[in-house]
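The exercises that follow are meant to be worked with the sequence and the model side by side. Each task is followed by a solution that goes step by step.

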Amino acid sequence: MRDEAGDQAAKVTVAHLARAERICPRRLAKEHANTGGNRGGASRWRVSNQVTADIRLAHTDLATPRPDRFTATDDLSAEQRSVYDLAVRWYVTLFGDRPVRVIDEDPWGTDLADDVRLVGPAGIAFTDAAGEPEIRLLAFGARYGPPPMLAESPAVRFALLRRPGWSGSPVRVCVADLVLGSLAEEVVDGPAVRTEIDAWFTERLEVIRARVANPIARAGLECGWCPFIAGCPAHRD
């Protein structure tokens, strides 16, 4: 499926896959077609973006994370700096015993067949001292904890779909909350779960396409942060 200009693959995010039935069909259709909308502020992501960037720098070479590799920038407020320091302490505590090297990859998108592009962050990818792959999905005060089986999580499935080259080997998956200090780990057997994940993705993509085929606007709580609110039929007199 192409966007309105006909030159981009259809966008699919982890939110689309996880809750397509609950997203306004008009918004889903515009996002799926890569339609430009109003950009929201990035302030709420400032700390998490900086922590993530500094984690990547800390693992440029095979290494364990050390506190001296992390320094908050001067543009953070006092409150933001406190969150940054807390997140760094938890990251070093949770992962300080395992050296890894970050993988240089596109952090935002992966092209699939059938003109579909998976878009959005999907954790940070590493290899350990033995060359084995690892994905670390980092949260900053998540509302809900990870499911008992990580391979059943849409976020984990999305992260694995974003890295098709790892489908033939076991992958260590870590889901950590750097504000709450929680960590869940599972070594996922790539070949064993790949068929299931592919079937899940195909089913969810069909749901998305069915929803965008009739993009009727629907008013709801998400209107408050919808980038396509201007001119929305659901808010006309």
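Two strands are taken to pair if DSSP finds at least two bridges between them. The model used throughout is a predicted one.

**Exercise 1. Determine which strands pair with S4, in which sense, and how the side chains along S4 are arranged.**

Step 1. Strand S1, residues 10-12, pairs with S4 in the parallel sense over 3 bridges, which satisfies the requirement of at least two bridges. Within this pairing, Ala10 stands opposite Val116 of S4.

Step 2. Strand S3, residues 109-112, is joined to S4 by 4 bridges, and these two strands run antiparallel; here Asp111 stands opposite Arg117 of S4. S3 and S4 make a hairpin with 3 residues between the strands, where Asp114 takes a positive phi near 65 degrees.

Step 3. The side chains alternate along S4: Val116 and Leu118 point to one face and are buried, whereas Arg117 and Val119 point to the other face and are not buried.

**Exercise 2. Establish the strand order of the open sheet with 5 strands, and identify the strands that stand at its edges.**

Step 1. The order is S2-S5-S6-S7-S8, and the pairing in this open sheet is mixed. Strand S2 (100-102) and S8 each have a single partner strand and stand at the edges, so one side of each is left without a neighbour in the sheet. On average, and with direction ignored, neighbouring strands of this sheet are turned by 30 degrees against each other.

Step 2. The mixed character can be followed at S7. Strand S6 (residues 133-139) and S7 run parallel and are joined by 6 bridges, with Asp177 in S7 as the bridge partner of Ala139. Two helices pack on the sheet: H4 touches strand S5 (124-128), S6, S7 and S8, with its direction at about 150 degrees to that of S6, while helix H5 (residues 154-161) touches S6, S7 and S8, with its direction at about 140 degrees to that of S6.

Step 3. By contrast with the parallel pairing just described, S7 (residues 170-177) pairs with S8 (residues 182-189) in the antiparallel sense, over 8 bridges, and Ala176 stands opposite Leu183 in S8. S7 and S8 form a hairpin with 4 residues between them, and Gly181 in the turn has a positive phi of about 75 degrees.

**Exercise 3. Classify the aromatic pairs of the structure and state whether the rings concerned belong to buried or exposed residues.**

Step 1. There are 2 aromatic pairs in the structure. In one of them, Phe70 and Tyr91 have their ring centres 6.3 Å apart and their planes at 65 degrees, and the pair is edge-to-face, the cut-off for that class being over 60 degrees. This pair links distant parts of the chain, since Phe70 lies in the loop between helix H3 (46-58) and helix H4 (78-95) and Tyr91 lies in helix H4, 21 residues apart.

Step 2. The rings of Tyr91 and Phe95 have centres 5.0 Å apart and planes at 40 degrees, so this pair is tilted. Tyr91 and Phe95 are separated by about one helical turn, because they are 4 residues apart in helix H4.

Step 3. Relative accessibility is 8% for Phe70, which therefore counts as buried; Tyr91, at 1%, is likewise buried, and Phe95 is buried at 1% as well. The ring pairs link Phe70, Tyr91 and Phe95 into a cluster.

**Exercise 4. Describe the largest nonpolar core and find which element supplies its largest share.**

Step 1. The largest nonpolar core has 33 residues, and those with the most contacts inside it are Val12, Val173 and Phe201. Among the elements that each supply at least two residues of this core are helix H2 (25-32), strand S4 (116-119) and helix H6 (190-212). H6 provides the largest share, 8 residues.

Step 2. When its neighbours within four places in sequence are left aside, Val12 has contacts that include Leu17, Val116, Leu118, Phe158, Phe201 and Ile208. Another core, of 22 residues, lies apart from the largest one, and Phe70, Leu94, Cys174 and Leu178 are among its members.

Technical notes
Residues numbered from 1 in each chain as written. Predicted model: local features only at pLDDT ≥ 70, side-chain atom pairs only at ≥ 80, totals over all residues. Heavy atoms only, no water. Phe/Tyr/Trp six-rings, centres within 6.5 Å; stacked < 30°, edge-to-face > 60°. Buried < 20%, exposed > 50% of the residue type's maximum accessible area, 1.4 Å probe, protein only. Axes fitted to C-alpha atoms, helices over the stretch in contact; angles between N-to-C directions. Contact = heavy atoms within 4.5 Å. Core = buried A, V, L, I, M, F, W, Y, C linked by side-chain atoms within 4.5 Å.
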